[in-house]
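Here are some exercises to work through with the model open in front of you. Try each task before you read its solution.

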Amino acid sequence: MKPRLQATLGQQLVMTPQLRQAIRLLQLSAVELEAELAAAVESNPLLDWTEVAISVTNGNGASDSSSHEDSTEHLPPEAEWGSNDGEPWYERIGPADSDDDAPVAEQVAESDTLHDHLLWQLHLSPLSPRDRLIGVALIEAIDDDGYLREPLDSIAASLAPSVEASEEEITTVLHQVQQFDPVGVGARSLGECLRLQLAQFAVETPGKALAHQLANGPLERLPKVGVAGLASEMRLDLGEVETAVHLLRSLDPRPGAQIGAIASDTYIAPDLVIWRQHGLWRVALADGMRPRIAIHRGYESMVRHASGSDASYLRGHLQEARWLLKSLEARGETLIKVARCLLKQQAAFLEFGDSALRPLTLREVAGEVGLHESTVSRAIARKYARTPRGTIPLRAFFASGIDTGAGGEASSTAIQSMIRRLIEAENPRKPLSDARLAETLKATGVPVARRTVAKYREAMSIPSSQDRVRIG
């Protein structure tokens, strides 16, 4: 990854339009990325589809083009797509592991709304059960644009009588929710939304301090008096105000709209492929995720000979094309980096299934790969990997943890898998009650309360023991 893009995805830097593009591309699903590239090719004459080459121009305007089959620049050296004998990865693993013959229903993407996205982050956060209940109430009150429109006293009333929470407690949990992706979610006003996003910028970002001041109130007068009028009222230099206003306009006033529901008839297009080779788990970008666009050589050569408005037009589009290709490269390398961490942490999950899934949070992965939590969240949102276990969402590699009382933790997903196996093996005439299931789990070193067992059982849509009784 280019140093500037790599730093952008991992640290706080000045958010230029090009860097915002890199972050936006990262959060797109495979289907959305394909649509984005199609729109880019349609609008930029210097971009063209290519099936056999990937072209990236250097700063001197020269073009480096390499064969799609021969180049592995965007992939790690050990993650070769095919084996030495030319067999594709899925034939080496075995026909039984291929998704090609899977039921069509299993290849349809799961719906992923803003609330789903926020609840998933909430359950991975190190919060107490009480705070999680407050967090759920807050998230349910957030609208599709990402704003919390309901007053805190209404949130408190909705929690009663099961949870008696003060507005101070609710505010504390709200601040935690406001750290979730997308940045700016949970704000109670436009000004707060903008301030939450400004907090992600480095202190030395030009115009940040003044932009924060404007977001606290003066910005509301901008439509009436304009930038010059605002500068006059505040007795500030016009250039300084223009810089701050430009920074504010680069922010997203509707952060929740970034996370839209996937249509129920959308098919899954894997972003990554995970397979086992020589006893080790490997990962590579899926074929469809390799850049299939290049800079058109004909138009590129015209840039050097054009003049006047034509030269300005072509150079502008050439720069846009270069940044798009670099952003695609950054997206792929970030996905690979995060996926390698997931393989390292959850190899047992791929070997043995849900029962071997260990607790893993966004914070742990972010710390290991040197990225911000929100970047990791974007990298895995609506992303899928094709594995020997089928095509699974990257979210499946994460799980909250429960203390086992023996110095370790068991993931909630693993506990649900244990409960399901116990129920499948029970005597249908004498089904196991939730209390009995809790006792059995405790005997295996996983102390779980009866109410927790009931919650997990209901989440898996498994009836109670009374409704599971079968005679004959």
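Let's call a residue buried when its relative accessible area is under 20%, exposed when it is over 50%, and partly exposed in between (1.4 Å probe, protein chains only). You're looking at a predicted model, where local features need pLDDT of at least 70, side-chain atom pairs count only at pLDDT 80 or more, and totals for chains, interfaces and linings use all residues. Residues are numbered from 1 along each chain as its sequence is written, and side-chain values use heavy atoms, with hydrogens and water left out.

**Exercise 1. Get an overview of the chain.**

Step one: count the elements. Helices (H or I, at least four residues) and strands (E, at least two) are DSSP runs, numbered from the N terminus. The chain has 20 helices and 10 strands.

Step two: check the burial. Of the 472 residues, 47% are buried.

Step three: look at contacts, meaning heavy atoms within 4.5 Å. Among contacts with a separation of 6 or more, 66% link residues 24 or more positions apart.

**Exercise 2. Find the largest nonpolar core and say which elements build it.**

Start with the term: a nonpolar core is a set of buried Ala, Val, Leu, Ile, Met, Phe, Trp, Tyr and Cys residues joined through side-chain atoms within 4.5 Å. The largest one has 33 residues, and Leu272, Val365, Phe397 and Phe398 have the most contacts inside it. Elements giving two or more residues include β4 (272-277), β5 (280-285) and α16 (362-369). The largest share, 7 residues, comes from α14.

Now zoom in on Leu272. Leaving aside residues up to four places away in sequence, its contacts include Val283, Leu335, Ala339, Tyr384 and Leu394. Apart from this core there is another of 24 residues, with Leu118 and Ile259 among them.

**Exercise 3. Work out the strand order of the open sheet that holds β4.**

Two strands pair if DSSP finds at least two bridges between them. Four strands line up as β5-β4-β7-β8, with mixed pairing. The edges are β5 and β8 (390-393), each pairing on one side only.

Next, take one pair: β4 and β7 (residues 384-387) run parallel over 2 bridges. Within it, Val273 has Arg386 as its bridge partner.

Finally, add the helix. Axes are lines fitted to C-alpha atoms, for helices over the stretch in contact, and angles run from 0 to 180 degrees between N-to-C directions. By that yardstick, α14 lies across β4 and β5 and runs at about 160 degrees to β5.

**Exercise 4. Track down the unusual backbone spots.**

Here's the background: most residues other than glycine have a negative phi, and most peptide bonds are trans.

First, the peptide bonds. Ala160 and Pro161 are joined by a cis bond, with omega about 5 degrees, and Pro161 sits in the loop between α7 (152-159) and α8 (167-177). Asp181 and Pro182 are also joined by a cis bond, this time with Pro182 in the loop between α8 and α9 (190-198).

Then, the positive phi values. Arg235 has a phi near 55 degrees, lies between α11 (222-234) and α12 (238-249), and is exposed at 80% relative accessibility. His278 has a phi of about 55 degrees, lies in the loop between β4 and β5, and is exposed at 77%.
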